Amino acid sequence: MNQALPVDFLESIPLPIDEKAALIKSIGEAPPVSIRLNRKKADLIHALTAVPWHTDGYYLPERPRFTSDPAFHAGAYYPQEASSMFLSFVIHQLGLEKEPITALDLCAAPGGKSTLLRSALNESSLLLANEVVGSRVNLLEENLTKWGVPGFSITQSDPFNFGKAAEMFDLVVVDAPCSGEGLFRKDPAAQGEWSLQNVNMCASRQQKILNDVWPSLKAGGILIYSTCTFNTLENEENVAWLLAQQVAESVVLSSLPEGVESVTYRGAESYRFFPHKLRGEGFFCSVFRKGGKPRTTKTERPFFKLLEGIFTHKNLAAIANEKGDVFAVRPEHIPTIGKLEKLLNMRHHGLPVGKWTRETFKASHGYSMLCDTEYNMPSLDVNIEQALAYLKREDVQDIQAVSGTHLIKFEGFTLGLGRYDGHRLLSLYPMDWRIRNANSAAYSPIVKAI
């Protein structure tokens with residue numbers, strides 16, 4: 001693999017010559033495998049080595065067949081690259097979890113950082129997860145829905161449009177599209193796509209993204225910029241450019257985990273992850289606080305229909321939009337969601353839970369994924385073969401149950417909804433999410449339900 005590394009890339013690595021050899025060697029090695037637990041749904045079965053910068057992150061000894069694990073589809077954990085979990089370290093070091101805030105994950109798909117933020121932030125915080133590419137919005141919705149923690153909305157808007165959402169956010173996370181050098185060993189195909197021209201194009205696009213989204217950050221708010229690349233053009237040069245362009249201060253983090261390097265460049269403090277120095281892929285992160293004086297933004301009168309009797313959870317409300325789509329939201333978020341809906345292309349106002357038609361609520365898959373919710377619906381336990389058949393959206397045989405809709409459960413994890421017709425269980429698992437290549441022989445449990 002190392003012989004295929006582009007010469008220009010090797011020359012651009014921001015390391016001394018003796019360290020470059022160690023980095024190049026690490027790129028030829030197998031990447032570590034790590035997961036992040038959903039503490040509202042699961043705990044570990046066996047002790048695993050912890051990710052040093054995230055209390056819910058763990059390394060696996062080898063990569064399992066995640067597709068064959070029903071707990072994965074139930075949102076019990078998320079397979080996430082360890083270095084990118086550093087976002088949680090930043091959140092907690094700055095105390096952003098202590099009070100309710102409004103946060104934006106600007107480049108959110110596939111949802112790793114969004115699900116991390118939804119768990120790391122205060123439960124009363126509102127997270128806006130945005131993705132500009134329509135096909136990737138679907139994957140973002142899938143992962144946030146399975147995670148099952150309400151308090152988010154999903155938009156599909158270009159960063160330029162966030163200029164209209166002036167000073168709406170206390171926290172903005174920009175995990176910028178980049179040349180992907182830090183993922184070469186995870187994705188060898190990325191090596192063939194690399195070029196200096198692409199690096200320059202990415203750096204220019206990243207500056208535009210930062211410039212576009214900056215007005216949406218409140219004075220005193222925090223912006224976290226990150227990439228999964230090594231070169232200084234997309235990293236140090238860009239954050240120094242931001243510091244020179246905007247009224248902002250670079251935020252210095254303390255008590256860094258072993259292996260994480262701090263870099264100071266033209267007044268900007270940044271943090272680098274090199275795979276030869278820690279168990280993780282290449283990653284870069286820098287944190288800024290916006291200067292200026294906060295201003296008051298007015299709220300909008302929301303148009304949503306508020307539905308009664310959908311949830312027993314006191315901190316959840318059900319709202320229906322004009323199309324009858326029903327979403328689980330926190331009541332205190334409704335005015336802010338109403339304003340954002342008028343400014344941006346809102347795809348999901350909250351966690352999608354069903355449809356409201358002719359004064360009747362029909363639950364969808366998201367309803368079954370909700371954490372901390374009591375259900376007025378019977379449950380039906382299935383074994384591993386039946387669970388995988390259900391997830392493939394096949395009819396499940398050899399089931400005895402009363403007719404009607406059930407919560408389908410495997411080893412304590414809720415997989416979704418199914419309807420028993422008196423002879424068989426009809427899978428109501430979302431068609432677009434159904435699995436194909438999975439078998440019970442490959443099932444190797446990692447977590448247990450709580």
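The lining of the largest cavity comprises 6 nonpolar, 1 polar and 1 charged residues. The model is a predicted one. The nonpolar group includes Phe-86, Leu-87, Val-173, Ile-224, Phe-283 and Cys-285. Ser-226 is the polar member of the lining. Lys-113 is the charged one. Three elements each supply at least two residues of this lining: helix 4 (86-93), strand 9 (217-227) and strand 13 (283-290). Helix 4 (86-93) holds the lining residues Phe-86 and Leu-87. Strand 9 (217-227) holds Ile-224 and Ser-226. Strand 13 (283-290) holds Phe-283 and Cys-285. The volume of the largest cavity is about 40 Å³. The structure contains 1 cavity of 30 Å³ or more. Rolling a probe the size of a water molecule over the atoms reveals where empty space remains.

An open sheet was also identified. It is built from 5 strands in the order 14-15-16-18-19, with antiparallel pairing. Strand 14 (305-307) and strand 19 (360-363) stand at the edges. Each of these two has a single partner strand, so one side of each is left without a neighbour in the sheet. Neighbouring strands of this sheet are turned against each other by 35° on average, direction ignored. Strands of a sheet pair through backbone hydrogen bonds, in either a parallel or an antiparallel sense.

One pairing within the sheet joins strand 15 (residues 317-320) to strand 16 (residues 325-329). The two strands run antiparallel and share 4 bridges. Across this pairing, Ile-319 stands opposite Phe-327 in strand 16.

Technical notes. Residues are numbered from 1 along each chain as its sequence is written. This is a predicted model: local features need pLDDT of at least 70, side-chain atom pairs count only at pLDDT 80 or more; totals for chains, interfaces and linings use all residues. Side-chain values use heavy atoms; hydrogens and water are left out. On a 1 Å grid over the protein atoms alone, a cavity is a set of points where a 1.4 Å probe fits but cannot get out, and a pocket is an open set with protein on both sides within 12 Å along at least five of seven lines; lining residues have an atom within 4 Å of a point. Grid points are joined across faces, edges and corners, and a volume is the space filled by probe spheres set on the points. Two strands pair if DSSP finds at least two bridges between them. Axes are lines fitted to C-alpha atoms, for helices over the stretch in contact, and angles run from 0 to 180 degrees between N-to-C directions.
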